[in-house]
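User: Please take a close look at one part of this model, the second largest pocket, and describe its lining. Then go on to the packing around it and to the rest of the interior.

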Amino acid sequence: MGNISGRYAVLGWGSLIWDLDNLAPHVALPWHMRAGPQLPMEFCRVSPKRKMGLAVCLDAEHGVACPTHAVASKRTALSDVIADLAARERAPLDLIGGVCTLTAATRGRAEIAEVVHQWCKETGWVGAVWTDLRANYDDHLGVVFSVDHAVGYLQGLTGESLDEAVRYIHFAPQDTDTPLRRALAGNTWWQGQVARLTAD
């Protein structure tokens, strides 16, 4: 994985992998694919940023453990790494998780932070940050998330919302292999949407 001594990792599992956006100047590529800790995730967040498509987030209730991916930050302070990721995500600082093995600093959900902290100790990273957005499917739609309902929700999207939802889920790393994604892989309607958007 190269010399990571004294470096902070930025963890990703969704659009961050292919779209660093304004985080790009602050990290040292390449991504270390599948090198991050396994964390529970599912596409169970209705995302205004994604035109109301479904975004992947960490969720132990509905998700399954999937590999994460790590890229080295150029920053030397945890607070700066957190601020960089928050700016890229257009999210408040309290929705960015982080740990530091040197100072024992911890932020974000305890169950996630514990896994990431242990991973840092085992792999030599001084610390790590991640996007700690929560599932909001129930709040937005008034029903408990299920794979069947989520497929129906996606089928009800139109125009730019549908296109964005298809692109986002299709281009997520293949390792983000959640129950919803597995269901979509065998769904004729969904595969037709993917073919339509990737024909060019």
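Analyst: In this predicted model, α6 provides the largest share of the lining of the second largest pocket, four residues. Two or more residues also come from each of α5 (159-171) and α7 (188-198), as they do from α6 (179-185). The volume of this pocket is about 180 Å³. Its lining consists of Ile-169, His-170, Gln-174, Thr-176, Asp-177, Arg-181, Arg-182, Leu-184, Ala-185, Trp-190, Gln-191 and Val-194. By class, five of the lining residues are nonpolar, four are polar and three are charged.

The loop between α5 and α6 contains Ala-172. Ala-172 has a relative accessible area of 2%, and the limit for a buried residue is under 20%, so Ala-172 counts as buried. Apart from neighbours within four places in sequence, Ala-172 is in contact with Trp-18, Phe-43 and Arg-181. Of these contacts, Arg-181 is also one of the residues lining the second largest pocket. The loop residue also comes up against a distant part of the chain: the C-alpha atoms of Ala-172 and Gly-14 are 5.0 Å apart, although 158 residues separate the two along the chain.

Trp-18 and Phe-43 also belong to a cluster, linked by ring pairs, that includes Tyr-168 and Phe-171. The structure as a whole holds seven aromatic pairs. In the pair of Phe-43 and Tyr-168, the ring centres are 6.1 Å apart and the planes stand at 85°, so the arrangement is edge-to-face. Phe-43 is in strand β3 and Tyr-168 in helix α5, so this pair ties together parts that lie 125 residues apart in sequence. Phe-43 and Tyr-168 are both buried. Another edge-to-face pair is formed by Tyr-137 and Phe-145, with 5.1 Å between the centres and 85° between the planes. Tyr-137 and Phe-145 are likewise buried.

The strand that holds Phe-43, β3, leads on to the largest pocket, since β3 (39-47) is among the elements that supply at least two residues each to its lining, together with β1 (8-12), β4 (53-58) and α1 (78-89). The greatest contribution is that of β4, with three residues. The largest pocket holds about 420 Å³ of space and is lined by 21 residues. Nearest its centre lie Lys-49, Ala-55, Glu-89, Thr-131 and Leu-133. The lining of the largest pocket divides into 10 nonpolar, five polar and six charged residues.

As for the nonpolar interior, the largest core has 43 residues. Leu-11, Leu-54, Val-116, Trp-119, Trp-130 and Leu-154 have the most contacts inside this core. For Val-116, the residues touched, leaving out those up to four places away in sequence, are Leu-11, Pro-37, Leu-39, Val-99, Ala-128 and Trp-130. A second core, separate from the largest, has 18 residues, including Tyr-8, Val-10, Leu-78 and Ile-82.

Terms used: Residues numbered from 1 in each chain as written. Predicted model: local features only at pLDDT ≥ 70, side-chain atom pairs only at ≥ 80, totals over all residues. Heavy atoms only, no water. Core = buried A, V, L, I, M, F, W, Y, C linked by side-chain atoms within 4.5 Å. Buried < 20%, exposed > 50% of the residue type's maximum accessible area, 1.4 Å probe, protein only. Contact = heavy atoms within 4.5 Å. 1 Å grid on protein atoms, 1.4 Å probe; cavity = no way out; pocket = protein on both sides within 12 Å on 5 of 7 lines; lining within 4 Å. Points joined across faces, edges and corners; volume = space filled by probe spheres on them. Nonpolar A, V, L, I, M, F, W, Y, C, P; charged D, E, K, R; others polar. Phe/Tyr/Trp six-rings, centres within 6.5 Å; stacked < 30°, edge-to-face > 60°.
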